[in-house]
Amino acid sequence: MQSTMALVLALAFGVSQAVAQNTNQSAAFNLVISSANKTLDGSFLGACHEGAAFEGLCPGPANATAEYNQYAFNYTASETPDPVLGITGQLTWVLQSANIKLSSPLSITANLVSNVAVPLFVPSSSSTYIGFDKDDKLFIPQYYDDTVTPPKADSKQIQRWYVCTTQDAYLYSTLAWVIGAHAPENPSCQKVDVKRVFV
Ligand SMILES: *[C@@H]1O[C@H](CO)[C@@H](O)[C@H](O)[C@H]1NC(C)=O
Ligand SMILES: *[C@@H]1O[C@H](CO)[C@@H](O)[C@H](O)[C@H]1NC(C)=O
Ligand SMILES: *[C@@H]1O[C@H](CO)[C@@H](O)[C@H](O)[C@H]1NC(C)=O
Ligand SMILES: *[C@@H]1O[C@H](CO)[C@@H](O)[C@H](O)[C@H]1NC(C)=O
């Protein structure tokens with residue numbers, strides 16, 4: 001509804017940005033890894049460089065105050081929360097340089113020849129909707145279960161996060177999302193949870 005209105009208004013007034021923004025923003029938080037692997041457990045996700053203005057999420061040492069480790073949740077406060085999912089929105093990180101300060105949302109794009117996808121912050125109007133569960137853990141909303149025929153409405157908070165050695169722009173250890181309820185085809189992947197801890 002809202003985005004349709006924004007689009008109509010944008011078309012009517014010739015505004016170039018036609019996408020409704022999630023203008024409500026949480027306080028800054030860190031994203032902390034939980035893992036059975038003691039080396040990874042407690043590491044902080046940092047916005048690591050993956051090409052011009054693109055960043056992945058790489059585990060590293062804790063630095064709660066570093067901008068590299070700080071994110072926010074952008075949402076629309078007027079949205080009616082889904083009874084199971086709660087409020088979903090965008091995970092954002094601020095890309096900064098000498099004369100740029102650009103809030104970039106997280107996007108997860110499927111690589112069609114793998115079931116391991118690398119989440120990236122991209123300064124773009126498209127993004128992947130995410131949420132945080134009651135324990136502050138990062139999830140991606142499922143609306144339909146297509147493992148049954150016909151697919152049935154089944155809202156769920158899905159957490160298929162792994163840390164894997166990935167090759168996007170660079171060969172890094174990054175946060176990854178595994179597509180579907182299957183084991184990751186990349187043998188380096190280790191199952192993790194991602195928790196929001198306010199700064
Ligand atoms: C997130 O919200 C802040 C505060 O309203 C805004 O400045 C920023 O542009 C938003 N980011 C995105 C990606 O919409
Ligand atoms: C959400 O954003 C709108 C528009 O910027 C503002 O009027 C409202 O007070 C915000 N609500 C909350 C809960 O932050
Ligand atoms: C634990 O994680 C580290 C860092 O990713 C990795 O080098 C190591 O092989 C892992 N250990 C096990 C037992 O998987
Ligand atoms: C944390 O990050 C800040 C800002 O980038 C930096 O000044 C500080 O030295 C870092 N602290 C540690 C312990 O790495």
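Two residues are in contact when heavy atoms of theirs lie within 4.5 Å. On that basis, 54% of the contacts with a separation of 6 or more in this protein are between residues 24 or more positions apart. The model is predicted, and the tour below moves from the whole chain to its ligands and then to two groups of strands.

**The whole protein**

Begin with a cartoon of the complete protein, which contains 1 helix and 16 strands. Of its 199 residues, 40% are buried. Switching to a surface representation displays an accessible surface of about 11100 Å², and carbon and sulfur atoms contribute 57% of that area.

**Ligand 1**

Next, select ligand 1 together with its surroundings: Gln 21, Asn 22, Thr 23, Gln 25, Asn 74, Gln 90, Thr 92 and Ser 103. Sorted by class, this shell comprises 8 polar residues, with no nonpolar and no charged ones.

Three of these residues merit distance labels. At Thr 23, show the backbone, where an N or O atom is 2.7 Å from an oxygen atom of ligand 1. At Asn 74, show the side chain, which places an N or O atom 2.4 Å from an oxygen atom of the ligand. At Ser 103, the side chain again supplies the N or O atom, here 2.7 Å from a nitrogen atom of ligand 1. On its own, ligand 1 has 370 Å² of accessible area, and the protein covers 70% of it.

**Asn 22**

Remain in this shell and centre the view on Asn 22, in the loop that runs between helix H1 (2-13) and strand E1 (24-25). Is Asn 22 buried or exposed? Its relative accessible area is 7%, and because buried means under 20%, Asn 22 counts as buried.

Now display the side chains of Asn 22 and Thr 76, which form a polar contact at 2.7 Å. Beyond the neighbours within four places in sequence, the contacts of Asn 22 are Asn 74, Tyr 75, Thr 76, Gln 90 and Tyr 129.

**Ligand 2**

Move to ligand 2 and select the residues around it, namely Thr 23, Asn 24 and Ala 77. The side chain of Asn 24 has an N or O atom 2.5 Å from an oxygen atom of this ligand. The protein covers 28% of the 360 Å² of accessible area that ligand 2 has on its own.

**Strands E10, E11 and E12**

Return to the cartoon and isolate the open sheet of 3 strands, which are ordered E10-E11-E12 with antiparallel pairing. Strand E10 (131-132) and strand E12 (152-158) are at the edges with a single partner strand each, so each has one side without a neighbour in the sheet. Between E10 and strand E11 (residues 138-145) there are 2 bridges, and these strands run antiparallel. To find one of the bridge pairs, select Phe 132 and its partner in E11, Leu 138.

**Strands E8, E13 and E14**

For the final stop, select strand E13 (residues 161-167) and E14, which pair in the antiparallel sense over 7 bridges. The hairpin that joins E13 to E14 passes through 3 residues. Gln 167 and Leu 171 may be picked as bridge partners, with Leu 171 in E14.

Then add strand E8 (residues 116-117), which runs antiparallel to strand E14 (residues 171-178) and is joined to it by 2 bridges. Selecting Val 116 shows Val 178 of E14 opposite.

Key. Residues numbered from 1 in each chain as written. Chains lettered and ligands numbered in written order. Predicted model: local features only at pLDDT ≥ 70, side-chain atom pairs only at ≥ 80, totals over all residues. Heavy atoms only, no water. Near = heavy atom within 4 Å. Polar contact = N/O pair within 3.5 Å; in protein donor to acceptor, adjacent residues only side chain to side chain. Areas by Shrake-Rupley, 256 points an atom, 1.4 Å probe, with all protein chains shown as cover. Nonpolar A, V, L, I, M, F, W, Y, C, P; charged D, E, K, R; others polar. Pairing = 2+ DSSP bridges. Helix = DSSP H or I, 4+ residues; strand = E, 2+ residues; numbered from the N terminus. Buried < 20%, exposed > 50% of the residue type's maximum accessible area, 1.4 Å probe, protein only.
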